[in-house]
Amino acid sequence: MTFSIVGRCAETGQLGIAISSSSIAVGARCPWLRAGVGAVSSQNITLPALGPQILDGLAVGLTPDQALDRGLSSNGFSQYRQVAVVDAQGRTALFSGNHALGTHNALAGVQCVAAGNLLASRAVIDAMVTAFESSEGCLAARLLSALQAGQGAGGEAGAVHSAALSVVGDLTWPIVDLRVDWAEDNPIGELARLWDAYQPQLQDYLTRALNPTLAPSYGVPGDE
């Protein structure tokens with residue numbers, strides 16, 4: 001149903017998630033991020049509340065394991081959940097309940113966690129962690145590379161239809177928040193094309209928000 005990578009950039013402190021699913025609009029339910037706090041992917045039989053609850057725990061000083069345990073124990077049905085967590089220090093936690101769907105796996109790497117269910121094979125997750133750890137560039141690009149590596153290793157057992165890429169940095173809002181809510185074919189490819197279009201404008205949108213007097217204009221009607 002879903003495979004994801006949650007990661008942190010050791011150089012910038014940015015936190016991010018790349019995720020894909022056979023379900024519609026995975027980016028609306030599964031990835032949760034808070035600048036300076038952490039990132040959580042809540043998936044499988046998804047309980048969206050777990051994301052904010054785990055982030056709240058991290059914000060008050062709990063370790064990722066403690067925050068994850070508190071969130072799972074507070075809501076019940078934990079054996080249906082799969083959760084991956086990275087905090088602002090790069091510490092990780094993960095959980096796959098014994099009712100996780102199909103072939104499932106979760107693996108922590110260096111400042112990252114990959115997790116998935118209904119996978120073509122457990123090797124999908126290994127490929128994602130390896131790709132993240134060995135890739136270079138900004139965090140968003142590394143996360144996307146890991147997601148593509150998972151797809152290349154077989155991805156989900158069936159077709160995927162949605163994908164998302166989100167990154168937070170020093171600001172209170174995401175600096176990257178791209179979503180493909182439904183595609184009949186290859187949403188990860190669509191997400192990569194979105195990133196290619198957005199990346200050259202990313203800094204411009206930050207400049208426009210923080211200092212409008214320096215904001216570049218693209219010269220289009222209704223430019224905002």
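1. Let's start with Cys-9. In this predicted model, Cys-9 counts as buried, with a relative accessibility of 7%. Cys-112 is buried too, at 0% relative accessibility.

2. How many disulfides does the structure hold? The count is 0. Cys-9 takes part in no disulfide, and the nearest cysteine sulfur, in Cys-138, lies 8.5 Å away. A disulfide would need the two sulfur atoms within 2.5 Å. For Cys-112, the closest cysteine sulfur belongs to Cys-9 at 12 Å, so the distance is too far for a bond.

3. On to the aromatic residues, where you may enjoy a look at the tyrosines. The structure holds 2 aromatic pairs. One of them joins Tyr-198 and Tyr-205, whose ring centres are 6.2 Å apart. What is the angle between the planes of Tyr-198 and Tyr-205? It is 10°, and the pair is stacked; the cut-off for stacked is under 30 degrees.

4. Are the members of that pair buried or exposed? Each falls in between: Tyr-198 is partly exposed, with a relative accessible area of 21%, and Tyr-205 is also partly exposed, at 33% relative accessibility. For Tyr-198, keep in mind that buried means under 20%.

5. One last contact to bring up on your screen involves Arg-142 and Phe-132. Where does the charged end of Arg-142 sit? You will find it over the ring of Phe-132, at 4.0 Å from the ring centre.

Terms used
Residues numbered from 1 in each chain as written. Predicted model: local features only at pLDDT ≥ 70, side-chain atom pairs only at ≥ 80, totals over all residues. Heavy atoms only, no water. Buried < 20%, exposed > 50% of the residue type's maximum accessible area, 1.4 Å probe, protein only. Phe/Tyr/Trp six-rings, centres within 6.5 Å; stacked < 30°, edge-to-face > 60°. Lys NZ or Arg CZ within 6 Å of the ring centre and 35° of its normal.
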